[in-house]
Amino acid sequence: MARVLKPGGIVSFLTITITPGLTDRQRRRAIELGDPEDEADPGYEVILREAGFIDRIIEDVTPTYADTLARLTQAWLDDSKAIRAVVGSEEFANKIDRRKRSLTGIAEGLHQRVWITGQTPYA
Amino acid sequence: VTDADSPTEYSISAEAFDARYKLVCSPVLLDAEERATGTRCGVSSFTTRDQADRLGMILHLAPGRSLLDVGAGAGWPGVYLAESTGCFVISTDLSIEGPQRSSQSMERSGVAGVSVTASGTELPFRDDSVDSVTCSDVFC
């Protein structure tokens with residue numbers, strides 16, 4: 001993505017990751033509870049810096065993610081009959097299960113959603 | 001645009017996303033999305049409208065500026081940002097269905113933009129060609 005940005009261009013994106021700094025046991029638990037991106041060492045700050053981005057900002061937006069995830073889960077449960085008819089009972093059950101496991105991962109501090117911003121230097 | 005290193009894997013992923021975008025744009029799922037988030041865009045990420053609005057400010061989006069939305073699915077939030085800020089949006093997704101939906105949204109909204117089927121790792125654009133890039137929950 002950095003390649004296509006003009007000098008002075010800005011990248012700003014959101015992603016769900018395993019919380020950095022977990023023990024091996026916690027990481028295994030985090031993976032069991034969902035499939036967030038497994039943020040590779042050394043993390044986004046270093047990745048952005050090494051890619052030449054300046055003015056790097058990394059913000060934890062997990063609470064908003066948790067709220068949205070909970071609302072979507074409840075919306076599906078509230079209209080379960082109609083949604084099952086569209087997606088199928090198996091997919092419905094899988095989706096609800098994945099969302100509930102993700103909410104558990106958030107509650108246990110194992111999953112997070114982060115907002116990452118950086119700018120390419122001016123020429 | 002194809003992923004030359006793994007064409008079979010690419011095809012399977014694209015088909016899976018095609019099926020997903022058809023579902024999220026079905027009326028009953030759009031209703032659920034609207035009740036939960038207030039949007040009705042076939043959203044396949046967790047970016048809220050407030051966060052999309054803030055993205056527009058962070059990226060300094062305005063008429064004359066361009067936004068590349070990678071892995072945009074049916075067009076959220078790129079098409080919304082083009083509509084609200086007047087920027088030019090380039091919406092890309094691995095699937096065929098996503099860009100088709102995104103293109104329809106652009107036409108409905110009257111925004112300037114293009115939709116392209118492309119892998120985020122093989123973007124078919126020139127170096128130094130866009131003012132800003134975003135993506136939502138693409139890497140997870």
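A polar contact is a pair of N or O atoms within 3.5 Å, where one must be able to donate a hydrogen and the other to accept it. Keep that in mind for the views below, which all come from a predicted model.

**View 1. Polar contacts dot the place where chain B meets chain A.** Across this interface there are 20 residue pairs in polar contact, both partners at pLDDT 80 or more. Which elements of chain B give two or more residues to the side that touches chain A? They are α2 (27-37), α3 (49-58) and β4 (130-136) of chain B. Sort the residues on that side of chain B by type and you get 18 nonpolar, 10 polar and eight charged.

**View 2. Here is the whole contact between the two chains.** Chain B brings 36 residues to it, and chain A brings 36 residues too. The size of an interface is often given as the accessible area lost when the parts come together. For chain B and chain A, about 3,300 Å² gets buried between them. Carbon and sulfur atoms account for 64% of that area.

**View 3. Zoom in on a salt bridge that crosses from chain B to chain A.** How far apart are the closest N and O atoms of Arg54(B) and Glu59(A)? The answer is 2.6 Å. The interface of chain B and chain A has four salt bridges, while the count over all chains comes to 13.

**View 4. A strand from each chain lines up side by side.** Strand β1 (residues 5-18) of chain A pairs with β4(B), and the pairing is parallel, with six bridges. To get your bearings, look for Val11(A): standing opposite is Val133(B), which sits in β4(B).

**View 5. Now for a salt bridge inside chain A.** Glu108(A) and Arg29(A) are the partners, with their closest N and O atoms 2.8 Å apart. This pair links distant parts of the chain, 79 residues apart. Glu108(A) lies in the loop between α5 (89-107) and β3 (111-119) of chain A, whereas Arg29(A) belongs to helix α1 (residues 24-32) of chain A.

**View 6. Finally, take a look at chain B by itself.** You can pick out five helices and four strands. Follow chain B along the sequence and the order goes α-α-α-β-α-β-α-β-β. Why call chain B as compact as a globular protein of its length? Its radius of gyration is 14 Å, close to the 14 Å that the globule rule gives for 140 residues, so chain B fits that description. The C-alpha trace of chain B spans about 40 × 40 × 25 Å along its principal axes.

Technical notes
Residues numbered from 1 in each chain as written. Chains lettered and ligands numbered in written order. Predicted model: local features only at pLDDT ≥ 70, side-chain atom pairs only at ≥ 80, totals over all residues. Heavy atoms only, no water. Contact = heavy atoms within 4.5 Å. Buried area = accessible area lost by both parts, 1.4 Å probe. Salt bridge = Lys/Arg side-chain N within 4 Å of Asp/Glu carboxyl O. Polar contact = N/O pair within 3.5 Å; in protein donor to acceptor, adjacent residues only side chain to side chain. Nonpolar A, V, L, I, M, F, W, Y, C, P; charged D, E, K, R; others polar. Pairing = 2+ DSSP bridges. Rg over C-alpha atoms; globule rule 2.2 N^0.38 Å.
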